[in-house]
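Me: I would like a close look at one part of this model, taken slowly and with its surroundings in view. Please keep to what can be read from the coordinates.

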Amino acid sequence: MILSGQGQNYNPVTRKRVLKTAEKLGYQVSVNARALRLQRSFLFGVLLNEVNAHLSAQFLLGIQSSMGSTDYSPVVFFSKAEVDQEHCLGRCLNRHVDAMIVNCSVDGPEQDRLAAFAARLNRLQIPVVEVYGRFLSGIPSVNVDNAEGGRLGTSHLADLGHQRIALITHERYENSVVHLDAWEQFRGYREVLTARGLEPRVITPKMDLGNVTIPAFVQAGQDSLDLLLSQPERPTAVVCYSDLMAYGLNRACRERGIRVPEDLSIAGNYDMLLSSVVNPPLTTTRSNHFEIGCRAADSLLRALQGETVGDQLVAPDFVARQSTGPVG
């Protein structure tokens, strides 16, 4: 009992002597034995969409930090599509996980499979928290405040004097069910422009949203330059759905002799690893993936203690770099 941290009823002197002897001998409590006794696995299942692999390191470090001195450990799976997601869920359940953190893979606008997946999770009778989306009905979520991200980037450009500010996003940005992050970013962008009497200008390059990859976002950003240049009144600044789109747009500008930020200011979203070293360094919003991981794991730990947990939003930070400047 003392070595498992539950020896409160023992004499303090006895507890101290036992713990000191255990330390001297290098003794460690067997998690497997405790799991067997308590009928728990002490495992958290973590299902992540492969497209979010770039943020997984900080996110998983946040989970580990929140677990702290507990006996819990994560079991991590990456899924490429909804079918793969079902397979990964099955592998988690085979390990008898005590709770789950889920980042959904969504292939398209159809909701039948997503609703079935949510219903299956709700029937598990273990705590589940969704991250980076609100697709699962009845399940609490921890998300980036994407509306605030849209407001931060747009306000920065407007404060620099830009009045023709475009948003580069994908064509399903108005589908708030499946693409909530894009919809919320647009909402924040629109709020700022409306408050300042400016007109929203949404640019949607073609993308295969059934096969979303990192290169696809970069290519979409590159393709968006022609759409920007074809506008009746050419925008002087843009907010991009993601840093990946901003990379592609920046590359297209460089190839066409358009100077950034002198001719076009570019702001991204999410502050990816390369955003501080591209040329010019990218102005963007920074999502605290470590904090999202911390809060998701903490929610599960509290739920396992019988507490009720709800939705949480983590506010992004704004990082001004050299890809934006005053209107020319």
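The part in question is strand β6, and the reply sets out its residues, its partner strands and the salt bridges around them. Which way do the residues of strand β6 (residues 165-168) point, and are they buried or exposed? With which strands does β6 pair, and in which sense?

Reply: The model is a predicted one, and the description below should be read with that in mind.

Strand β6 runs over residues 165-168, and its side chains alternate: I165 and L167 point one way, whereas A166 and I168 point the other way. Neither direction leads to an exposed residue, since all four are buried, a class that is reserved for a relative accessible area under 20%.

On the pairing, β6 has strand β8 (residues 237-240) as a partner in the parallel sense, with 4 bridges between them, and within this pairing I165 stands opposite A237. Strand β7 (residues 201-203) is also paired with β6 in the parallel sense, here over 3 bridges, and in that strand I203 is the bridge partner of I168.

The two partner strands lead on to a salt bridge, because R201 lies in strand β7 and E233 in the loop between α8 and β8. The side chains of R201 and E233 meet at 3.7 Å, taken from N to O, so that the pair ties together parts that are 32 residues apart in sequence. The two residues differ in their exposure: R201 is buried, at a relative accessible area of 11%, while E233, at 47%, is partly exposed.

A second salt bridge involves the loops that follow β6 and β7, where the side chains of E171 and K206 meet with an N to O distance of 3.5 Å. Because E171 lies in the loop between β6 and α7 and K206 in the loop between β7 and α8 (214-229), this pair ties together parts that are 35 residues apart in sequence. E171 has a relative accessibility of 38% and counts as partly exposed, whereas K206, at 68%, counts as exposed.

From the loop after β6 one comes to helix α7, which spans residues 180-195 and contains E184. E184 forms a salt bridge with R134, and the closest N and O atoms of the two are 2.6 Å apart. R134 lies in the loop between β4 (128-131) and β5 (141-144), so the contact ties together parts that are 50 residues apart in sequence. The acidic partner, E184, is buried with a relative accessible area of 8%, and R134 is partly exposed with 33%. In general terms, side chains of opposite charge can pair when their charged atoms come close.

Other side chains in this stretch of sequence are joined in groups. Y173, W183, F186 and Y189 form one aromatic cluster, and a search of the whole structure finds 7 aromatic pairs. E148, R151, R187 and E191 are linked in a network of salt bridges, in a structure that holds 15 salt bridges.

For the setting of β6 in the chain as a whole, the secondary structure comes to 10 helices and 12 strands. Of the 328 residues in the chain, 49% are buried. Among contacts with a separation of 6 or more, 72% are between residues 24 or more positions apart.

Two sites elsewhere in the chain may be set beside the strand. Q85, in helix α4 (residues 82-94), is buried, with a relative accessible area of 2%; leaving aside neighbours within four places in sequence, Q85 is in contact with L47, S79, N103, C104, S105 and F117. L273, by contrast, lies in the loop between β9 (265-267) and β10 (284-286) and counts as exposed, at 79% relative accessibility. Together with L274 and V277, L273 forms a nonpolar patch on the surface, with about 360 Å² of accessible area in total.

To return to the strand itself, β6 is paired in the parallel sense with β8 and also with β7, and its four residues, which point in two directions, are all buried.

Note on methods
Residues are numbered from 1 along each chain as its sequence is written. This is a predicted model: local features need pLDDT of at least 70, side-chain atom pairs count only at pLDDT 80 or more; totals for chains, interfaces and linings use all residues. Side-chain values use heavy atoms; hydrogens and water are left out. Buried means under 20% relative accessible area, exposed over 50%, partly exposed in between (1.4 Å probe, protein chains only). Two strands pair if DSSP finds at least two bridges between them. Contact means heavy atoms within 4.5 Å. Patches are made of residues with over 30% relative accessible area and no salt bridge: like charges are joined within 9 Å, nonpolar side chains (Val, Leu, Ile, Met, Phe, Trp, Tyr) within 5 Å. Accessible areas come from the Shrake-Rupley method with a 1.4 Å probe; for residues, only the protein chains shown count as cover. A salt bridge is a side-chain nitrogen of Lys or Arg within 4 Å of a carboxyl oxygen of Asp or Glu. Rings of Phe, Tyr and Trp (its six-membered ring) pair if their centres lie within 6.5 Å; planes under 30 degrees apart count as stacked, over 60 as edge-to-face and the rest as tilted.
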